[in-house]
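Let's take a walk through this structure together, one piece at a time. Have the model open beside you and follow along.

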Amino acid sequence: MFLKVQMPWNVIIPADSLDAKGLMLKKAIVIRLMGEFACKKATKDLGYFMAVTTLESIGEGRVRQNTGDVLFPVVFSGITFKMYRGEILQGVVHKILKHGVFLRCGPVQNIYLSHIKMPDYHYVPGENGIFMNDKHSKIDKDVIVRFIVIGTKWMEAEREFQALVSLEGDYLGPVS
């Protein structure tokens, strides 16, 4: 689920942002790193970027010839979020269809739970359809559901993951 990773990164500081005394250089590098880190969103190998925890090292800056900007190689530690097959997580239902429900879990917005993977639950149509079992346990919008991950898929164009999940197993289903 959460991973602590150490990553190399190249931070480019515009020439006009450089201070003659060099006192604000580290601050400028950290601010630029945070901005670029937030824009990156996710990678297939590491998952979603959640936070930068520590700046490990700042390498020697190299001036770019055409622009005069300075490129600093940095190494930092951070926290990422990635789902793995077989992992048990909790998500919030945000859309109900007659063939299944869509959930959200952390930064992952597209988690699909098929009606086939919900043993004993059946769809109850209505203005706001729900899934219900014989023990009157309901899967409704905004309900927290504990599930097991069957598989994940990386969508390169959107730079996000999709997941397929199941309620087949002990202690899985709506959380009261």
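Strands β12 (residues 144-155) and β13 (residues 160-166) run antiparallel and are joined by seven bridges. Keep in mind as you look that this is a predicted model. To find your place in this pair, look for Thr-152, whose bridge partner in β13 is Ala-163. The two strands form a hairpin, with four residues between them. In that turn, Arg-159 has a positive phi of about 55°.

Now stay with β12 and look for its other partners. Strand β6 (residues 88-97) runs antiparallel to β12, and five bridges join the two. Here Val-92 stands opposite Ile-144 in β12. Strand β14 (residues 173-174) is also antiparallel to β12, to which it is joined by two bridges. In this pairing, Val-145 is the residue that stands opposite Pro-174 in β14.

Pro-174 is a handy stepping stone to the next stop, as it is also one of the residues that line the largest pocket. How much volume does the largest pocket have? It comes to about 210 Å³. Among the other lining residues are Pro-119, Asp-120 and Tyr-121, along with Asn-133, Asp-134 and Lys-135. Ser-137, Leu-167, Gly-169 and Leu-172 belong to the lining too. By class, the lining of this pocket divides into five nonpolar, three polar and three charged residues.

Thr-152, which we met in the hairpin, leads to another kind of empty space, since Thr-152 helps line the largest cavity. Searching the whole structure turns up one cavity of 30 Å³ or more, and about 30 Å³ of space lies in the largest cavity. Its lining also includes Tyr-48, Phe-81, Lys-82, Met-83, Val-108 and Phe-161. Five residues of this lining are nonpolar, one is polar and one is charged.

Finally, turn to helix α1 (residues 25-40). Its 16 residues reach 23 Å from the first C-alpha to the last, close to the 22 Å expected at 1.5 Å a residue. Which residues of α1 are buried? They are Ala-28, Ile-29, Leu-33 and Phe-37. These buried residues cover an arc of only 160° around the axis, which puts them on the same side of α1. The spacing makes sense: an α-helix has 3.6 residues a turn, so residues three or four places apart point the same way. On the other side of α1, you will find Ile-31, Ala-38 and Cys-39 exposed.

Terms used:
Residues are numbered from 1 along each chain as its sequence is written. This is a predicted model: local features need pLDDT of at least 70, side-chain atom pairs count only at pLDDT 80 or more; totals for chains, interfaces and linings use all residues. Side-chain values use heavy atoms; hydrogens and water are left out. Two strands pair if DSSP finds at least two bridges between them. On a 1 Å grid over the protein atoms alone, a cavity is a set of points where a 1.4 Å probe fits but cannot get out, and a pocket is an open set with protein on both sides within 12 Å along at least five of seven lines; lining residues have an atom within 4 Å of a point. Grid points are joined across faces, edges and corners, and a volume is the space filled by probe spheres set on the points. Ala, Val, Leu, Ile, Met, Phe, Trp, Tyr, Cys and Pro count as nonpolar, Asp, Glu, Lys and Arg as charged, and the others, Gly among them, as polar. The expected span of a helix is 1.5 Å times one less than its number of residues. Buried means under 20% relative accessible area, exposed over 50%, partly exposed in between (1.4 Å probe, protein chains only). The arc is that of the directions from the helix axis to the C-beta atoms.
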